[in-house]
Amino acid sequence: MVRACSSCKVDKAAVKRPKTGKAVCKKCFFGLFEDEVHQTIISNKLFSKGERVAIGASGGKDSTVLAYVLSLLNRRHSYGLDLFLLSVDEGISGYRDDSLAAVQRNKVEYGLPLLVVDYKRLYGWTMDQIVQVIGRKSNCTFCGVFRRQALDRGATLLKADKVATGHNADDIAETIFLNFLRGDFPRLSRCVDAVTGRGSELPRVKPFKYTYEKEIVMYAYFKQLDYFATECVYSPNAYRGHARQFLKDLEAKRPSAIVDVIHAAEQFRFPEPGNPDVAMPVQRKCERCSYISSQRLCKACILTDSLNNGTAAQVNRFSTNKFSSNE
Ligand SMILES: Nc1ncnc2c1ncn2[C@@H]1O[C@H](COP(=O)(O)OP(=O)(O)OP(=O)(O)O)[C@@H](O)[C@H]1O
């Protein structure tokens, strides 16, 4: 017997929500999904009227759904935002070129302006070239550091007030585990925030902080959104893979585990910066490129130097745990 939707009690249930286990019809699923993102936006004060927001658009499922839902909520709730798509071309043939083609189609479909910035022009190297030099192991270190800065540089060109990314609840819970295992307190306290860099020139916001990856996939599927579904060809980050598997095992036993981990991490209390017990990095500007940095040179400049002077393989061997990826 087909069950009635547990939300509207009228239509037939079509999906079981991974987040709550409740069976709902498609219309209610869309409504609940969109309302929950709206609640995250409102309760965390992610945006203010009149802001220019650069959506980090990779062409993958998360950022494609983000661009679609933000455009829709912006109209529905009159947020008054100017939305832009911002893509970083890392120069990974057979992967990013295909996913950027999806972003180009979405630019037309959603009517949003698009800016593409690329590693070759910013750093002089594509990821294909970097991997030729350093191999596949730990190349995510270079890519993560470069991408983070490239997004900021692109957002500055767009005169954006904020960057919105498609990091979802699964990504955040994984990152909590990773930072916990590494004992990285500064990142552990930051990674759970829906807004990072508040008060800085370019804060980052995560409207999908509480949104389950499985629900994003379902939403994209039912709405027939156009995205590119392949993993990066340069091997997924193995260390993160362990955290991901652990989380998937937890979720299989208890679906609320993902959001439970996030709520638990929100309760962590860390000593204030300045407390002598915990060394928090002091932020200043890179002496060469003026990008924000905790050292004399920013990580992107250090990594670019290592590529240019032929020491990248050594730097890479020592830097795996030191440099974050995309967070
Ligand atoms: N090349 C890129 N250009 C622009 N934004 C990016 C790019 N790569 C990642 N991002 C942003 O960072 C978020 C998290 O990236 P991550 O690499 O974890 O990919 P993901 O979880 O597969 O997301 P997606 O499905 O959107 O690709 C993305 O949702 C997107 O907002």
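Of the 327 residues in this protein, 39% count as buried. The model is predicted. It holds 13 helices and 10 strands. A ligand is present, with 17 residues around it.

**Overall shape**

- The radius of gyration of the protein is 20 Å. A compact globule of 327 residues would have a value near 20 Å, so the protein agrees with that expectation.
- The C-alpha trace spans about 65 × 45 × 40 Å along its principal axes.
- Contacts often link distant parts of the chain: among those with a separation of 6 or more, 70% join residues 24 or more positions apart.

**Around the ligand**

- The residues that come nearest to the ligand are Gly56, Gly60, Asp62, Ser63 and Gly166.
- Two elements each supply at least two residues of the shell around the ligand. One is helix H2, residues 61–76. The other is strand S4, residues 82–89.
- By residue class, the shell divides into nine polar, five charged and three nonpolar residues.

**A charged residue inside: Asp152**

- Asp152 is found in helix H6, which covers residues 139–157.
- Asp152 has 22 other C-beta atoms within 10 Å. The cut-off for a buried residue is 20 or more, so Asp152 is buried.
- Lys137 lies 15 residues from Asp152 along the chain. The C-alpha atoms of these two residues are separated by 26 Å.

**The annotated C-terminal domain**

- An unreviewed UniProt entry places the feature "domain: Cytoplasmic tRNA 2-thiolation protein 1 C-terminal" at residues 284–312.
- Over residues 284–312, the chain is 38% helix and 14% strand.
- The end C-alpha atoms of residues 284–312 are 24 Å apart.

**Confidence in the model**

- The pLDDT averages 90 over the protein, and 91% of the residues score at least 70.
- Residues 320–327 have a pLDDT below 50. Beyond near neighbours in sequence, this stretch has 18 contacts in the model.
- The model scores ipTM 0.97 and pTM 0.92.

Technical notes. Residues numbered from 1 in each chain as written. Predicted model: local features only at pLDDT ≥ 70, side-chain atom pairs only at ≥ 80, totals over all residues. Helix = DSSP H or I, 4+ residues; strand = E, 2+ residues; numbered from the N terminus. Rg over C-alpha atoms; globule rule 2.2 N^0.38 Å. Buried ≥ 20, exposed ≤ 12 C-beta atoms within 10 Å, placed from the backbone. Contact = placed C-beta atoms within 7 Å. UniProt positions renumbered as here; feature names shortened; annotations may be inferred. Near = placed C-beta within 6 Å. Nonpolar A, V, L, I, M, F, W, Y, C, P; charged D, E, K, R; others polar. pLDDT = per-residue confidence, 0-100.
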